[in-house]
Amino acid sequence: MEKFFHLKENGTTVSRECMAGLTTFFAMSYIIVVNPQILQQTGMPWGGVFLATIIAAIIGTLVMGLFANVPYAQAPGMGLNAFFTYTVCFGLGFTWQQALCMVFLCGLINILITVTKVRKMIIKAIPESLQHAIGGGIGLFVAYVGLLNVAAVTFTPNDPKAAAQGGAVSAVPGMATLDNPTLWLFLIGLLLVIVFTILKVKGGMLLAIVLTAVIGIPMGQTTMNNSISIGEAFGQLPQTFGALFSHEGFGTLFADPAKLPLVLVTIFAFSMSDTFDTLGTFIGTGRRTGIFSQADEESLENGHGFSSKMDKALFADSIATSIGSIFGTSNTTTYVESSAGIAAGGRTGLTSVIVAACFALSIFFAPVISAVPSAATAGVLVIVGCMMAASLKEVRWDDISEAIPAFFASVFMAFAYSISYGIAAGFITYCIVKVCKKKASEVHPVVWIVSALFILDFVCMAML
Ligand SMILES: Nc1nc2[nH]cnc2c(=O)[nH]1
C-alpha cells in the first residue's frame, strides 16, 4: 500500500485516506439516483442508466486512483446530463442513442486533446490571477450545488405555464422559507460541520454526514428506497450497453446531411463544457492543496509522455467519458465534490480506490446508500466551498483590471451553474481588459483562441 500510493511522502495515512474516500463518496452518491432520474426522461431505461452511472464512476475513479495516484473521483456530471436530456434530446430532437454517440465522440476528442498536450498548453497559458479566481469560484460553485440540492435557494418561474412544459424559463430566485423538514435537517447538518471544522474534530465531515443522516430517520428524511431491484437493473443494462453503435445511434446520426452542422455544433458544445470543467476542477482544487506540487508542475511543463500527476489525471479523466457512453450515460467528469474528501485529508489515489469500492458496493446496497439524504451532505459542500473561497484572497481586488476578469471567472461559475462558462467569462473579460490597456500582446495566444472558441460556442448555442 505504502509503496504503491506513497502515503508517507504525501503526508497521509491509510485511515485518513479511507475517511476522505467515504466523505467524497457520500458527498457525490446522490448521482446514483439523480442521473437515472434525469436521463430516463429521454426514454432510457432507469435500471440501465443506474448501472451505467455506477460502472462509469467505478472505472473512471479507479483509473484516477491507480494510474494517476490522485484523490479525485469521477461520475456522470450534472449539467451535462441536463444538457443531454433537455437540449440535445428534447430541444434538438436527437434520439438518446444518437446523443450517446455524440458523448462518445466528445470523449474521443477529449482523449485527442489530452494526448496531444493541448489541454496542458491551456493550463500553462492561464494567467495566475485567473487561476486563483477559478479556485475560489469552484468554492462558490460547490457551495451552490449544496444549497440547490436541498432547495435552500428557490426559483419562482415568471411564466408557470411554460415552466410546467419543462423548458428553461426565467425565474425569480429567492431564499426558501423554513417550513420544511429538509431545510431543518440541512441546518442541523450545517451546524455540525461548522462545529466539527472549527474544533478540528478528526473525520468531522464524515461524522457530520452520518449523524445528520441518523437524525433524519425520525424526521422522515432518511428513508430506504426499496423501489430499486438489482435483478431488474441488470436485465435493462443490455438496452443501454452498446446502444450508441445501433441503428438508432451511429446508424442514423450522420444519415441526414442537412443535420450535419447541428451534430458538429452539439459535439463542440459537449466538448467545450467537458474539457474546461475538468481543467477548472484540477486547477481549483489541486494546486492550493499541494496535490499537484511545484515539482509536478515543472514536470508537466518540461516532461514528455505521462510524466506528471496532472498529465495522468487529465488522461484518466479523458477516457472516462467514452467508456461511460458505451455503458449508457452522459459525460463522465472529475467531480468537484472530490474537494470534500481533499478537505478531509485525502491526498493520494487510495482515496479514489475507496470511492470506487463504495460505488461497487452501492450496486448491492443502493437502497441504503440512496437513503442518505442530500440534506446530510449539503452542509459539507457549503463549508468545503467556504474553504476553497480562500483562493480569492490571492486576487488583487484593488486593481480593477485584475478584479474584473477574476470576478467574472469566479462569480459566473455559480451564476451560470457551470465551471466552464465561468472560465469562459473570465477569459473573455481578460482579453477585453488587456486590449483596453493596450497590452493585448501580453495575452497568451491560447487564451485568445479559447476565448474565440467560447464566443463561437455561445453563438452556436443561441442558434440551436
Ligand atoms: N466538476 C463537476 N463536478 C460535478 N459535480 C456534480 N456535477 C458536476 C459537474 O458537472 N462537474
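A pocket, as used here, is an open set of grid points with protein on both sides within 12 Å along at least five of seven lines, and its lining residues have an atom within 4 Å of a point. In this predicted model, the largest pocket is the space taken by the ligand. Its volume is about 1700 Å³, and α5 contributes the most to its lining, with seven residues. The structure also holds one cavity of 30 Å³ or more.

**The largest pocket**

- The lining of the largest pocket is made up of 43 residues.
- Nearest the centre of the largest pocket lie Gly79, Ala82, Tyr86, Ala416 and Tyr417.
- Helices α5 (80-91), α8 (128-149), α14 and α22 (419-436) each give at least two residues to the lining of the largest pocket, as do strands β2 (153-157) and β4.
- Sorted by class, the lining of the largest pocket comprises 26 nonpolar, 14 polar and three charged residues.

**The shell around the ligand**

- The ligand is surrounded by Tyr30, Gly77, Met78, Asp277, Thr281, Thr333, Thr334, Tyr335, Val336, Glu337 and Ile419.
- Five residues of this shell are nonpolar, four are polar and two are charged.

**Polar contacts and cover of the ligand**

- At Met78, a backbone N or O atom is 2.7 Å from an oxygen atom of the ligand.
- At Thr334, a backbone N or O atom is 3.0 Å from a nitrogen atom of the ligand.
- Glu337 places a polar side-chain atom 2.8 Å from a nitrogen atom of the ligand.
- On its own the ligand has 280 Å² of accessible area, and the protein covers 96% of it.
- Two elements, α14 (260-289) and β4 (332-334), give two or more residues to the shell around the ligand.

**The cavity**

- The largest cavity contains about 30 Å³ of space.
- Thr114, Arg119, Lys120, Asp311 and Leu314 form the lining of the largest cavity.
- At least two of the lining residues of the largest cavity come from α7 (118-125), and at least two come from α16 (309-327).
- Three residues of the lining of the largest cavity are charged, one is polar and one is nonpolar.

How values were computed
Residues numbered from 1 in each chain as written. Predicted model: local features only at pLDDT ≥ 70, side-chain atom pairs only at ≥ 80, totals over all residues. Heavy atoms only, no water. Near = heavy atom within 4 Å. Polar contact = N/O pair within 3.5 Å; in protein donor to acceptor, adjacent residues only side chain to side chain. Areas by Shrake-Rupley, 256 points an atom, 1.4 Å probe, with all protein chains shown as cover. 1 Å grid on protein atoms, 1.4 Å probe; cavity = no way out; pocket = protein on both sides within 12 Å on 5 of 7 lines; lining within 4 Å. Sits in = over half its atoms within 2 Å of the grid points. Helix = DSSP H or I, 4+ residues; strand = E, 2+ residues; numbered from the N terminus. Nonpolar A, V, L, I, M, F, W, Y, C, P; charged D, E, K, R; others polar. Points joined across faces, edges and corners; volume = space filled by probe spheres on them.
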